[in-house]
Each structure stands twice: as structure tokens, then as C-alpha cells.
Amino acid sequence: MSLNQKKIALILIYCMIFIDWMGIGLVYPMFSSMIYQKDSLLLPQDTLETVKGTVLGILIAITPFVSFFFSPVLGTLSDMKGRRGILIWCLTLGVIGYFIGCFGVFSQSLAILFLSRVLVGISCANSSVIGAALIDVSAPEEKARNFGFFNMMCGIGFMVGPFLGGKLSEWGYHMPFLFAGLVTLINLVLVEVLFKETNVSLRDQKVDYLKGILNIRQAFQSREMKLLFLSILLFSFGWCFYWEFISVTWIDQFQFTASDIGNVYAYGAIFYSLSSGFLVPMLSKQMKPEKLLFFGLLYSGITIFSNELNRTGNELWWIIPFQQTGISLLFPTAAAFVSNMAGEKNQGEYLGIFYSIESFGFGFSPLISGFLLTPV
């Protein structure tokens, strides 16, 4: 690819990830409100709190668990077949999944909502493919910086998505799903019309559809990468345990609406995106990835404990910026670290392992925390 083609591909990659995360964020504030708001019809009003928490946990867990299985498969397929075709396939499923979710809200059907989350989970597994495409057009010295901008666009998308989702929910919980389907459709059109193939070194390889499970074993057998994968697994588990369910506390203690929750998530995403886009590239020039990752984990752990200072709900506005700045140091740094250790022809496979480990943490955590969840 020429330098100009690489620049165009890079812009499209950032647009894709922005729209992807805006779509995810549009429905993100909805589930806790759909289950815990007093006027919700999704569950009977006399449903036990542990049952509500379990249902919420399953709704949240389905998407990352499905991504856990599909991310390495799609990453490997993109190494074999190319990035563009896999992205088109994933985005098509995403459009269908969001529209099915809209119907699930209309019909008050948990089963249909579960199906929607499965399809969206497959669509979200395209992160490994988009990440591999980013590597395709990045020089080795540009990886950390480009992944910083990559995560910045994730943050901006997740800033816009929850804010819009919260506002749209005032016209009905189906509206965020409908809008998410429309923006994903726009993403699909952009890829179909403008995106050119970035993988110029296709390779033939057998696809193992249980690769996600095998990746857990493979990751922790690698002397060079097992500590990295363990740290990401533990942090993903802990962060999800906190961030996915803290909204239930906000509803119970501070009477937050879906719009309020969307505002808080959007506010946090502002600081995540700014830090990913500016702080991470700057620090990556001064520190090795492993050192930056260590300080990011330490700092993030401390900021999560600071939530104990939140007594009235107003404290969120100064606690969250520190938390979001901390986690912005982790994922782009870890992704660049993994990429640097992978061979040129194995970017999709290794990033698939990375994202499957991350997705496993995000998927397993809600199943446990949802069952334990009982607002006080």
C-alpha cells in the first residue's frame, strides 16, 4: 500500500472503531435501568433482587463471552482471508443484532434480548480484526501512538453513545437499540464503499473454532506473555465487576435515571479518550510498555478504591476523571506490547488471543457479580 492509502485506511479504521463503540455505548446504560427502574416491565415487580442481578449479569456477560470465542477465530480468518470481508460480515450481524434488540424491548422478551446480545457479541469480536488492520498500516515505532489514538476513538464513541442512549431512552428503551442499528449500518456502508484490504500477506491456516478456550491455556504457557495476559485478565475481571454494576448503586442510592447514567458514562469517556489520545502517546515515548502498564494498574487500583468516598453522588464528578485516566494507560499499552511480541504474519492471531483474554474477564465477571448483587 502507498503512504496515502495507508493514511486513508488509518482514518477509516478510526471511524470504524468510533462508530462501533458509539453503537455499544448507545445501549450500555439501558440494561440496569430496564431491570431496576420501578416502571420496568421486563421482569415482574416482585422479582427477588438476586434474580434481577443474575439476569442483569447474564445480559451484560453474553456479549463479551461470545466475543471471547469469536475474537481469535475472526482474527485468524482475517490473517487468511483478509480484513475487509470479515469486517463486512461482522457489521452485518451487528445491524441485525441491534434491530432484534429493538424488537425484544418492544415485546418485553428476555429471550429475544439474549439473542440480540449474542449477535452483537459476534459483531464486537471484530476488535481483533480492526486492531490487526491498524497494525497493517502502522510502522513499528508508531504502534503505541496509533493504539493510543485507537483507544481515544473508542473513548469518544463511548462518550457520545451513552449520552445519546440516555437521552433517546426518554422516548422509550427501544430507541437506543434502533439508533445503534442505524449507526452500525452506516459503519457497514463505509467499509463496503471506502475500505481497501490492508492485509498484503495472506496465509493459509486451519481455523480452530475452540481457539478461545485453547488461547487461555496457550497464553499462560508462554513465558514471555503469561504475566501480561494474567494482569489483563485480572484487571478486566475487577474493572467489569465495578464499572458494569456501579450503576445499580446509583439507581438505588441516588435515584439515577437511564439518562443520568448515560451522562456519567459519557463524562468518564471524555477523560478516557483525552488521556488515550494525548497522555498515552506522550508517556509511551518516555517509558517502556511493561513499566507503563505496571504504573497504570497500580494507579487504577487506587482510584477504584476512591469510590468509597462517594456519599452523595456528587463526588462522582471528581472521582471518575482519575479512574478513567488510569484505565486509559492499560489497554493501548498492552495491545502494543502484544503486537511487538507477535510476528508480522500473526498479528490477527495474537491480538485475537489478547482480546479473547480481555473478553473472558469481561464476560465471567458479570456472572458472579450479578448473582451477588443486592442493592442496599
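**Exercises on loops, a helix and a cavity**

Gln255 is placed in the loop between α11 (246–254) and α12 (258–286). Helices are DSSP runs (H or I, at least four residues) numbered from the N terminus. The model is predicted: local features need pLDDT of at least 70, side-chain atom pairs count only at pLDDT 80 or more, and totals for chains, interfaces and linings use all residues. Residues are numbered from 1 along each chain as its sequence is written, and side-chain values use heavy atoms, with hydrogens and water left out.

**Exercise 1.** Describe the phi angle and accessibility of Gln255, then those of Gln108.

*Solution.*
1. Phi of Gln255 is near 55°, a positive value in a residue other than glycine.
2. Gln255 counts as exposed because its relative accessibility is 55%; exposed means over 50%, buried under 20%, and partly exposed in between (1.4 Å probe, protein chains only).
3. Gln108 lies in the loop between α4 and α5, and its phi is likewise positive, near 55°.
4. With a relative accessible area of 34%, Gln108 is partly exposed.
5. Ser109 also belongs to the loop between α4 and α5; Ser109 is buried, at 18%.

**Exercise 2.** Determine whether the span of α5 agrees or disagrees with the expected value.

*Solution.*
1. The expected span is 1.5 Å times one less than the number of residues.
2. For the 15 residues of α5 this gives 21 Å, and the end C-alpha atoms are 20 Å apart, so the two agree.
3. Buried residues of α5 include Leu110, Leu113, Arg117, Val120, Ser123 and Cys124.

**Exercise 3.** Identify the helices that supply at least two residues each to the lining of the second largest cavity, and classify the lining residues.

*Solution.*
1. On a 1 Å grid over the protein atoms alone, a cavity is a set of points where a 1.4 Å probe fits but cannot get out; lining residues have an atom within 4 Å of a point.
2. The lining consists of Asp20, Gly23, Ile24, Leu91, Gly94, Tyr98, Val120, Ser123, Cys124, Asn126 and Thr184.
3. The helices sought are α1 (3–27), α4 (83–107) and α5 (110–124).
4. Five lining residues are nonpolar, five polar and one charged.

**Exercise 4.** State how many disulfides the structure holds, and characterise Cys124.

*Solution.*
1. A disulfide is a pair of cysteine sulfur atoms within 2.5 Å, and the structure holds zero.
2. Cys124 is in no disulfide, and the nearest cysteine sulfur, that of Cys90, is 9.4 Å away.
3. Cys124 is buried, since its relative accessible area is 18%.

Methods:
1 Å grid on protein atoms, 1.4 Å probe; cavity = no way out; pocket = protein on both sides within 12 Å on 5 of 7 lines; lining within 4 Å. Nonpolar A, V, L, I, M, F, W, Y, C, P; charged D, E, K, R; others polar.
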